[in-house]
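The following report looks at selected features of the structure shown here, moving from one surface feature to the interior and then to a small sheet.

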Amino acid sequence: MKRKLLGLTVGILAVGLIGSIALAEKLLLINGAGATFPYPLYSKWFYEYAKVDEGVNFNYQSIGSGGGIKQIMAQTVDFGASDGALTDEQLKQAPGELFHIPMTAGAVVITYNLPQISERLKFSPDVVADIFLGKIKKWNDIRISKDNPEAGLPNEDIIIAHRSDGSGTTNIFTDYLSSVSGNWKAKVGKGTSVNWPVGLGGKGNEGVTGLVKQSPGAIGYVELAYAVTNNLPYADIENKSGNFITPSIESTTAAVNGKVDSMPADFRVSLVNPDGADAYPISGFTWILVYKNQTDKIKGKKIVKFLRWAITDGQKYSEGLLYAPLPESMVKKIEERIGEINY
Amino acid sequence: MKIKFFDLGFKEAVALLALSVVALTLLLVYNMATYAMPAIQKFGLHFLSTTTWDPVKEIFGALPFIYGTIISSALALLIAVPVSLGIAIYLAELAPAWIREPLSFLIELLAAIPSVVYGLWGIFVLAPFLRQDVQPFLAKYFGFLPLFQGNFYGVGMLTAGIILSIMIIPTISSVSREVFLVVPFSQREAALALGATRWETIRLGVLKYARAGILGAVILGMGRALGETMAVTMVIGNRPEISASLFAPSYTMASVIANEFTEATGDLFLSALIEIGLVLFFVTLVLNIAARALIWQVSGKMKGEIRE
Amino acid sequence: MNIYKKRQIVNKLMCALAFLCAIFTLVPLISIFGYVLSKGITSINLDFFINLPKPVGEPGGGMGNAIVGTIILIGLSCLWAIPVGVFGGVYLAEFGNNKLAATVRFTADVLNGIPSIVIGVFAYTLFVLPMKSFSAVSGAFALGIIMIPTIMRTTEEMLRMVPRTLREAALALGISQFRMIVSIALKTALPGILTGILLAIARIAGETAPLLFTAFGNSFWHQSLGQPIAALPLQIFAYAISPFDDWHRQAWAGAFVLIFIVFLISFISRFIIGLRYKFPASR
C-alpha cells in the first residue's frame, strides 16, 4: 500500500513536471543580469512593458554589476546592467562593441544614528573624507561642529559602517571621496571594493542600514531609497558650488543636468561633484550594456524597442520608486545612441 | 552463476560511482587552479602571509581570512559538539517515548532554515542581544582575558561563532543520534550488568562504541562550518584584521569570496578570490588529515572494518 | 562522601545537562521561526503560491514560480546525487578496506568544506559557458555536488554499524553479496541513511550562492530545463536586499514556505517509506 502511494506521488510529480514544460507558453525569453541598484525599477518597467509588448518576457536578475559585466562579455545573457562603467581595457576584451545606455540615476546618502539630534547634519567634503579615513574620531570634533553649530553634538566615538561586498554604491562613494580628498585618493582610491582604513563591513545596503540602526553613534553610506524607506536621517553635503544640498530626486536630476553638456558620446561618465548650484554631489548613473551589433535579429529588435520605451515612457515610474528621471536634454542624446544599434 | 555475475558487476559499479566523486573534486580543483593562476604567479607564497586586502592597489593577502575561518569554525565546534552530543544522548537514551519523534524532527528542522534567514535573524535579533546583554557581562567579569577586551558592536567573531554553531548542531546531533540508536543493546546491557548508573552506561556502553561515528558527524559539521558563507558574512563585521578579542570584527575565506565575487571586475581580483578558495580547500584538507589521525588513534583499528 | 553517592550525583548531573542541551537548542529554533513567521505571515495568501513576482507596490505578487522551481531543483539534484551518494557510501562501507577507498572518503570530507559559491562557479564553467545559457540542469548539478558528501558519509557510517553477525548470517544462508548488501545491510541502515539524505536536502534547499551563476533565476514560469529557472532562495535574497517593506515581507513569507517545503518532504518521505525514527520499543 505504501509502495503504491509512493509510486503515485512520483508519478504525479513527473506528470506535473513534464506537463508544466509542455503547456508553458513558448514566449520569447530575453535574459539580463547585473546591478542590484536598479532592480526595483527594472522589474516595474518590465511589468509595465509587458502590457505594451505581449510577445516577450524580460527576465532580469540582480547578481551584481560585476556579474552583469561578466555575463554580457561571456554572452550568456542578452543584456547586462552595471552601476560602474567599463574601463577601456575591459571594453577591448569584449567580443563586440559594447554600448552603455544610461537608464536612471541615484544618490548615495550619508546616514547616521544620533537619536539626540533632531536637525539634519551638514557635512563638507573634507570632513566626510576625514571621518571615513579615521582622522576625525569623535562626533563633537571642531570640524563637524563648525558646519553644525546648533546641533549639540555628543562627545562620542564615531562608528563607521561601510559595505563589505563589492558594490556600485561603494564605487560612487569612493569616487566622490577620491575627487574631493587627495589623501583619500592616495591612500584608498576608488572602486567597487576598497581597503577601508576603519570601520565595520555590512553586507549589502541593508547590512549597512542594519549596522547603523543598531549602533548609536554610527555613520554609514547607503542608497537614498534605503534611508528613506527605513526612516534613517541623512545629511546635507556641500557641493562644488558651496551649497549644502539635501539628497533627493530633484537634486540628483540637477546633478545629471550639470553633466549633460560635457557628456561623452559613449555616456561613460562619473556623476560625482558636478557643476550646478542645486546639484547633489554624490550621485551616479546606472547603465544597460548591449552590443552594438545584435546577433539575434528578433531579440535585438525587441531590446531596442524596450530601451526606447524605457528612457521615454518608462521614466515616469522612476520617482515613485525613488529613482531620478533623466532630463529631456539627455534623453535625446540617448535616443540617438540607441538608433546606432544594429539588428 | 547468475549470482556471481551480479556480485562482480556490483562491486565495480559502486566503485565507479565512488571514484566519480574523486574525479569531480579533482576537476573542481583543477578548474579553480586555472582561474587562480594569475594571482598565484603574482603573489606566490607571500599570499599566505600578507595581511593587506586592497582591490584598488591590487595587493591581496589571505592571512586575516585564514585566521577568521579557523577561529570562527573552532569556536563553532567548541560550542556545537558538546551541545550536539548532549542532544543526541538525550534523544537516544534518556527522553520519554512521546517526546522523541517530535523533538528529533524539530531539531532537524533547524537544518532547513536557509542561511540567508540565519544571517538576517543574526543581525536583527542575535547581534543586538549580544551587544546589549551578553557582551557587557563578558567584558565586566572576564575582561581580564584578552578574549573579551576591546569595543564590542554586537557583530564580530563571537556572533559568527555562535551562529555557525547553531547551524551545525542539527547535522552533528542528528547523525550522532542515528549512530547511538544502532549501538547494539548488548553493549548497554553489559554495562548495566556491572552496576553502572545511567550516565555510566551511556559513557561506557554507547559513547565508546560510537566514537568513530561521532567523529564522522563532527567532521561533517566542521566541513559545513568552514564553508558557510551567507550567515557568517552578515554577522562577522567583515574586517580583514587579526585580533585576539572575540568581540572584534573578523572575516572568513568563504565570506570574502561570497561578498566580492559577483561584483569583482579585474582579472587579478577575481583570480585572488579563487586563490582564496584554493587556500580554503587546503586548510580543509589539513584539518581533515588531523581529524583522521585522531579517529585512527581513538578507534585503534584500521579504518575500514565493520563493527561486531 | 562515598563513591556510590558521588556516582549518583554525576549521573543526575549529566542527565540533566543532556536535557538542557536539547531545550537550549530549541531557543534559537523558536526565536528564528517566530521571527520568520511574525515578519512574513501577512504575506502568505493564495496569491503568494500561484502568482508570479510583481513590482513593488503592485498587489498580488507571489512566488509561485520560485516554489515550483525549488521543488524541481531539489528533485533533479536528488536524481543524481542520491544514487551516487548512497552507492558511493556502500562502496566505502563494504569494500572500503584499501587506499582507494581512503582517498574517496577523504575527498568527500574535503568536498564538504568547499564554499557553495565556488561549486557554483565550477558548475558555471562546466555547463553554463558551453551552453551559453543558464539552466536548471546546471543548478541541479551544483546542488548535487553539495549533497553528495553528506549522503555518502552518512550512508557509510550507518552501514558500518550494521552488525557483522547479521551480514554473516545472510551470507551463510547462501545469498550473493550484492543481495546481502541491498536487502539486509541497506535495509537495516535505511533510517539513518534517510536522515542523511534529508539533512542534505535541507541544506541545499536554502542555498543561494551556487544558484546565482547556474539556475540564475527567472521572473516567469520556466519553459524548459535548459533555461533559467526561479528558486525560492534567489527570490528571497533579491527581495530581502531591496529597500522596500512590501518585498521584505514577501521575502520572509518565502523563507517560511521554504522551511515548510523541507518539512513536508521530510515528513512525507518518512511516512511513505514507513520509517519513523528507529527508536527502540522499550525504555
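In this predicted model, L147(B) sits in the loop of chain B that runs between α4 (115-142) and α5 (157-181). Its relative accessibility is 37%, and because buried would require under 20% and exposed over 50%, L147(B) is classed as partly exposed. Together with F137(B), Y141(B), F142(B), F144(B) and L145(B), this leucine makes up a nonpolar surface patch whose members have about 610 Å² of accessible area together.

Turning to the interior, the largest nonpolar core comprises 265 residues, among which F285(A) and L307(A) touch the most other members. Leaving aside residues up to four places away in sequence, the contacts of F285(A) include D83(A), P102(A), T104(A) and A105(A), as well as V256(A), M263(A), V269(A), L271(A), L326(A) and M330(A). Another core, of 52 residues, lies apart from the largest one and has I158(A), I172(A), A235(A) and I237(A) among its members.

Chain A also contains an open sheet of three strands with mixed pairing, arranged in the order β5-β9-β10. Because β5(A) and β10(A) each have a single partner strand, they stand at the edges, and one side of each is left without a neighbour in the sheet. Strands β9(A) and β10(A) are paired in the antiparallel sense over two bridges, and E238(A) has F244(A), in β10(A), as its bridge partner.

The residue ranges of these strands are listed below.

| Strand | Residues |
|---|---|
| β5 (chain A) | 122-123 |
| β9 (chain A) | 236-238 |
| β10 (chain A) | 244-245 |

Notes:
Residues numbered from 1 in each chain as written. Chains lettered and ligands numbered in written order. Predicted model: local features only at pLDDT ≥ 70, side-chain atom pairs only at ≥ 80, totals over all residues. Heavy atoms only, no water. Core = buried A, V, L, I, M, F, W, Y, C linked by side-chain atoms within 4.5 Å. Buried < 20%, exposed > 50% of the residue type's maximum accessible area, 1.4 Å probe, protein only. Contact = heavy atoms within 4.5 Å. Patch = residues over 30% accessible without salt bridge, like charges linked within 9 Å, V, L, I, M, F, W, Y side chains within 5 Å. Areas by Shrake-Rupley, 256 points an atom, 1.4 Å probe, with all protein chains shown as cover. Salt bridge = Lys/Arg side-chain N within 4 Å of Asp/Glu carboxyl O. Helix = DSSP H or I, 4+ residues; strand = E, 2+ residues; numbered from the N terminus. Pairing = 2+ DSSP bridges.
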